[in-house]
Amino acid sequence: MKVVISLLFAGMAPLLVSTIVDRFKGAERRWIAASALFFSFIATVAAFVTYLDHPVAHVGFGFFQALVDPAVLTISPMIVWITFSLVMGASRDSLNESVMGVLCFVSGLSMIALFVGSPFVLLGIEAVASITLAVFMGRHGVRTRTLSLALSGLLFIAALLSLGTNWNLSFEEVPTQAVWLALIGGAMRLGLFPFSVGLASSHRVRVRTLGLIGTLPFGGLIVLDRIVEPAMMQGRVSHDLVTGALLLSALIGAGCAISQLSLRRSFGWMQVCVHSLICIGLMDADVSALAGVEASTPLAGELLWAGFFLTTAGFGTAIAMVERRVGPCRLDRFSGLHSSMPFLSLMFLLLGVGLAGAPGTLEFIAEDLLLNTAHVNGDIGMLVVVLTIAMLGYNVMRAYFRIFYGRSVEARAHYRMKPRERLSLVLLASVVFLGGMLPSLIPLVATAQASGLH
Amino acid sequence: MQTDLLHMLFFGAILPVPLSIILLAVGLFYSNRIPERRIHQLMAMSMSTSLLLTTALLVPLIAGWIDPIEMDLGAIVAVRGYSFDLAFELNRDGVIFLWLDFALCGLVGAFSSNYLHREEGYNRFYFLLMVFVLGLEIISVAQGLDMIFAGWELLGLSSTLLIAYFYRRPGPVENGLRAYKVYRTTDVGLLLSLVLIHHHLGTTSLDALGQLTGPSALLIGGLLIFGAMGKGAIAPFTPWLPRAMEGPTTSSAIFYGALSVHASPFLLIRVRSLLESDPLLMSVIVALGLITAVHATTVGRTQTDIKTSLGYACVAQVGLIWVEIGLGFHTLAMAHIVGHAILRTWQFLRSPSVLLDRQVLARAMGHNPNPTGHYFEKYLPAFVRRWTYRIALERWYLDELNVVIGRVFMSPFDLINAASEWLETKIETDPSEDVVSEVLEQ
């Protein structure tokens, strides 16, 4: 119960702040949001400390069910950490729009969605989050992403309505029709192929932080994890079909990212690839369990989620910081920014190698775990996963070389990074590398290791 | 007692480099103005310590006075069905390569302190050099293939960033990216082999590789060979290496003359228990080695600058080392690696002075030195000579082949991109990017 209360507080704090933050002006909005997130982080840590002796907890009944497992205690603090970093890294334009409010709202909803035990509540939360984001993206003139998010929200509502009236429904009992609706809604929310057009174009939005909020995996994944996965375990949804689609999406995302000449769109396609890999990791757990393979794979999906969430948020923030200063960047020419932005260059590289899964990063462990059971997807699936990982790494290096190398441009006053921007990137990169070198600090890994000793 | 001493020596030999990297990283993060002297001292201390301790283990291991030293630092992740172990083993081949690593990198580090004195990227060079040394360390002593892959990745990253050392010029940067593309392409083979090994054996330990037989051994062996081709610049992946000469001479010496390029045959030596299980694999190694040697020899003869000539000469020798491995002469191959690495390092470090050396020699002799070498091509018919020259000048058209393969591979993604952007223009009111760019911060 204490765990649930801590998590509830962690989620409610930013939600409540989101309703009042717009009453403040300018930089005050940033600091109000940051304060709420600080307390939220303490609450998630408190939840972890309280939770230590319990592998999985089911609390409550009906709508008011909570499900607490190691994944929740890993992803929740990650969400807070990332949101805090985004708040610190957001531009002044973000402060003048309602971005702080949206950010807190979406992250609060995501944290609550993580631990709800009722499919009704989960789908309701995700629908609200999708529609909220759709409204804000629509206000900023990005129709394609607005359409995807709005459709995603409607599909979640349709799934909710098809659940029936059994309020004690568990995730395993969700009707097949609702599962399919949730699956497609989740795919749209995450921008998986063929719904990727919206994701790639999202970063056109004027306020880049909003573009990040609209594309980072704050939601969607939990729907796939809680609702779709059990249906696959039961054989009601074809694992081969879903995983096949995810593999295709990952490969297309990686390939289109390399083919792109615009940095923003390339990043958008990288997100498609990354979201697909996370989903593959989450889905593979079931097949492995069915095949009698040891249960290390639940770790893969959730670690990938945590790691990719951090690195895409960081990489996206770094890209936003670059483009804020020099305008849209192209990948068919050199921009030569290394001399004038050395710190940003370094952080871009660190976060980029984190995204690519270099040794010493959280992604390296997660990808190694994913490869551990890649064979359950067959030979083609295995090849696709490996190829995708290789292509992702190449694209990161290509982006780095194009943006920061080449004939140097003269540094200007506004190229200088503010301390809060540096803090934002350091916060994200530090967890990526700390998680890679000391993975046992992560609750998910610690619990899995403890249970692995039996 | 003896075991503890050996473990201490082993641990002492491999620890200084990662510690130096951490110190350097922290120091550079806070200030890029660390004095050159301090960085050089740090590097010198860690290299000399590692070299001394490795030398203490070198002779006993080669002579067989002591058994291979194993050290297990535990697993950083260990769950049911998976573990990532920090397990190391120093055997005869590993200690030789490790010793070579410390000796040559230490030498190059000492040389670079003058060569790169007051260069803007002095700190960056040393940091990347230490990362490179760490990568080689891991490859030399890792007990499992997944650890070797970690070292392989570090090697690739540091190598790419050092090729692009002179980052202001587009040429080195393009060539760095080209090299990285080759590395990632061949890493697919290594990754796939890792997946399959784990699937069949449940472990990636090198000791267990010999248990693989039949079609799975053939497939995994083939993938490992493919994985090793990139770093070794084995045909058709040769074009990146001469272009990698754009980096500082000292990094060219250590990477493409000495160690990085020899990591490829060293990997084959480490996994030889698997390769030897199938004669077809060994035949493939011999064939690839021969083709590479012929290719590099012919192309090298048409080069007009010293570093590129040396690069191709190096590749030709690596091809021959592959032939030796394919024929089962592992000891010969290791001896060849050591001798060749030392010779090439010397040649690369002397290459900026090659014209001066020639002038000094001419003055001493009183006339220009006579041409050396036996030019076998004079025995070929004229038209064969012409065409061989033409093909060699075009580097066997491998660049064009790589471009064609790249375009074919990327064409579906180009189509999807185009379709996606077309769809966007139909939906968006203003699909232009520039109009919606964020206001530049003032």
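**View 1. The largest nonpolar core and its best-connected residues.** In this predicted model, the largest nonpolar core takes in 307 residues; a core here is a set of buried Ala, Val, Leu, Ile, Met, Phe, Trp, Tyr and Cys residues joined through side-chain atoms within 4.5 Å. Buried means under 20% relative accessible area, exposed over 50%, and partly exposed in between (1.4 Å probe, protein chains only). Leu57(B), Ile254(B), Leu259(B) and Trp322(B) have the most contacts inside the core. Its largest share, 16 residues, comes from helix α17 (residues 378-404) of chain A; helices are DSSP runs of H or I, at least four residues, numbered from the N terminus.

**View 2. Around Leu259(B).** Skipping residues up to four places away in sequence, Leu259(B) touches Phe97(B), Leu100(B), Asp101(B), Leu104(B), Cys105(B), Phe132(B), Leu136(B) and Ile254(B). Contact means heavy atoms within 4.5 Å.

**View 3. Thr249(B), tucked into helix α10.** Thr249(B) sits in helix α10 (residues 249-258) of chain B. Buried or exposed, what is Thr249(B)? Thr249(B) counts as buried because its relative accessible area is 6%. Leaving aside neighbours within four places in sequence, its contacts include Lys307(B), Phe348(B) and Pro352(B).

**View 4. Leu15(B) in its loop.** Look for Leu15(B) in the loop between α1 (2-14) and α2 of chain B. With a relative accessible area of 33%, Leu15(B) is partly exposed.

**Notes.** Residues are numbered from 1 along each chain as its sequence is written, and chains are lettered from A and ligands numbered from 1 in the order written. Local features need pLDDT of at least 70, side-chain atom pairs count only at pLDDT 80 or more, totals for chains, interfaces and linings use all residues, and side-chain values use heavy atoms, with hydrogens and water left out.

How values were computed. Helices (H or I, at least four residues) and strands (E, at least two) are DSSP runs, numbered from the N terminus.
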